[in-house]
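Dear colleague,

Please find below the sequence and structure that I am handing over to you. My notes on what was found follow directly after it.

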Amino acid sequence: MSERDDHELRVSKIQDGTVIDHIAGGHASDVLAILGIDSGTDEVVSVGMNVPSNRLGHKDVVKIEGRELSQNEVDVISLIAPAASINIIREYGVAEKNRVERPDVVEGVLSCPNHDCISTDGEPVASRFAVLDDGVRCAYCETLVREDLADHIDV
Amino acid sequence: MLDRNHVITAKDLSRADIETVLDRAAAIERDPPERERHAGRLLGLCFFEPSTRTRMSFEAAIKRLGGDALDMGPVDSSSATKGESLADTVRVIAGYADALVLRHPSEGAATMASEFVDVPLLNAGDGAGQHPTQTLLDLYTMRENAGGLSDLTVGIMGDLKYGRTVHSLAYALTKFDARQHFVSPESLRLPRSVRYDLHEAGARIREHDDLDAVLDELEVLYVTRIQRERFPDENEYRQVAGEYRIDAATMERAREECVVMHPLPRVDEIAPDVDATPHAKYFEQAHNGVPVRTALLDLLLDDADSGGGEETVDAADDGEDGRKP
Ligand SMILES: [Zn+2]
């Protein structure tokens, strides 16, 4: 089955919003966590899990109606789902199609796991992490986070 | 002189920056600056944690340059206890002063504070993070007593996990290609983030749990205190701390010229009988805080005079690094 068929068969078209495709199988829940989507969310969200994919074997797909992702959100998704592509949909068509790129810095979405870090102390600054080859590092206290990035998402 | 006008971590200081500060400190010791050199300049002291000696040595330094210190006082009488953010506190005090010194219990505090002020900010310790002016005086002491800084073999012993002086020092020594031996109990080894940086910087480091494994190679032995609160119970603390303690008999097994240093205060990790040996340089090290901090302030205030970090340094009266040919 081609990937094009996946879209048409499994996920209905949305008018405006974002489709995050080619998330590695099993990581849709991490992406939802980054976007702050949980049972209390108002947005219409559809999730495809373990969809057969030529490129990834199995992939997850997330569609959110009425919301275009911010650059910060895209940046953090890139850390957890480096193969993802992000399609911004306007009036039922793909207005922008972007492969995510690992940024040098992510701001505001992750929170520092070090409880002694100034960024967790109620100061008027957003968290900021430098992106390394194999993880991220707090720009304030320099703590390294390599595993389980999704556990440190702050939304 | 420095690439940026804040002094936050030893990592940010280049080898040339460090040498500039140490050279100026040596010049100040030989030939004290005129009292009017920075007359009227004010140094804001923001200590959110007590540290009498660091505070006093900064105060002595600015006064030797003809300036004065403004002390925000103990934290229990300041706005911080009323819930004011650190960002707001430093923004207000930066309006009163030509440079700020900050000590704060949270890691990364100085980095954050520097984002909110235009005057030079010096980190005087941020939690278990960095303490770069201590590092500069440590390096100065090594340079004066161990025949220079190049190619040294240095042992660093004690609490390597939480000891901020250790982290700053290790970064700086890496810039001088030192061989570094870290001696500590397993539970107090270097934290992962520091080890990561040292490897990235190509540092030559080895870790040991026993001083005797390296003692006879060392040109410098830097001892730090192992704190009681790092251990779950008194017995375990006593047992571990006892293994990382030196006395005059220990130093008989060291090289004759091995320099013993300690950031002070010590408790019992260096026995008093070491004080009388030629190895002991920790009191001299403590005294070096003043010339080194004087030199650093002198350079930072010079930079501020010449236009706050602009490229032209025509007012400088020496050949400091970064000056245009
Ligand atoms: Zn942090």
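**The zinc site**

Four sulfur atoms coordinate the zinc ion, namely the SG atoms of Cys112(A), Cys117(A), Cys138(A) and Cys141(A), at 2.3 to 2.4 Å. Please bear in mind that this is a predicted model. The angles among the four donor atoms run from 100 to 116 degrees, and the site is tetrahedral. Along the chain, the donors of the zinc ion follow the spacing C-x4-C-x20-C-x2-C. Two of these donors link distant parts of the chain: Cys112(A) lies in the loop between strand S6 (105-107) and strand S7 (128-132) of chain A, whereas Cys138(A) belongs to strand S8 (residues 135-138), 26 residues apart. Both Cys112(A) and Cys138(A) are buried.

**Helix H8 of chain B**

Which residues of helix H8 (residues 234-243) of chain B are buried? They are Tyr237(B), Val240(B) and Ala241(B). Seen down the axis of H8(B), these buried residues fall within an arc of 100 degrees, so they line one face of the helix. In general, an α-helix has 3.6 residues a turn, so residues three or four places apart point the same way. Exposed on the other side of H8(B) are Asn235(B), Arg238(B), Gln239(B) and Glu243(B).

**A surface patch on chain B**

Leu70(B), Val92(B) and Tyr96(B) make up a nonpolar patch on the surface, and together they have about 280 Å² of accessible area. Of these, Leu70(B) sits in strand S2 (residues 68-71) of chain B. Leu70(B) counts as partly exposed because its relative accessibility is 31%, which lies between the cut-offs of 20% for buried and 50% for exposed.

With kind regards

Note on methods
Residues numbered from 1 in each chain as written. Chains lettered and ligands numbered in written order. Predicted model: local features only at pLDDT ≥ 70, side-chain atom pairs only at ≥ 80, totals over all residues. Heavy atoms only, no water. Patch = residues over 30% accessible without salt bridge, like charges linked within 9 Å, V, L, I, M, F, W, Y side chains within 5 Å. Areas by Shrake-Rupley, 256 points an atom, 1.4 Å probe, with all protein chains shown as cover. Salt bridge = Lys/Arg side-chain N within 4 Å of Asp/Glu carboxyl O. Helix = DSSP H or I, 4+ residues; strand = E, 2+ residues; numbered from the N terminus. Buried < 20%, exposed > 50% of the residue type's maximum accessible area, 1.4 Å probe, protein only. Donors = N, O, S within 2.8 Å, 3.2 Å for Na, K, Ca; no water. Tetrahedral: all angles 85-135°; square planar, octahedral: opposite > 155°, others 65-115°. Arc of directions from axis to C-beta.
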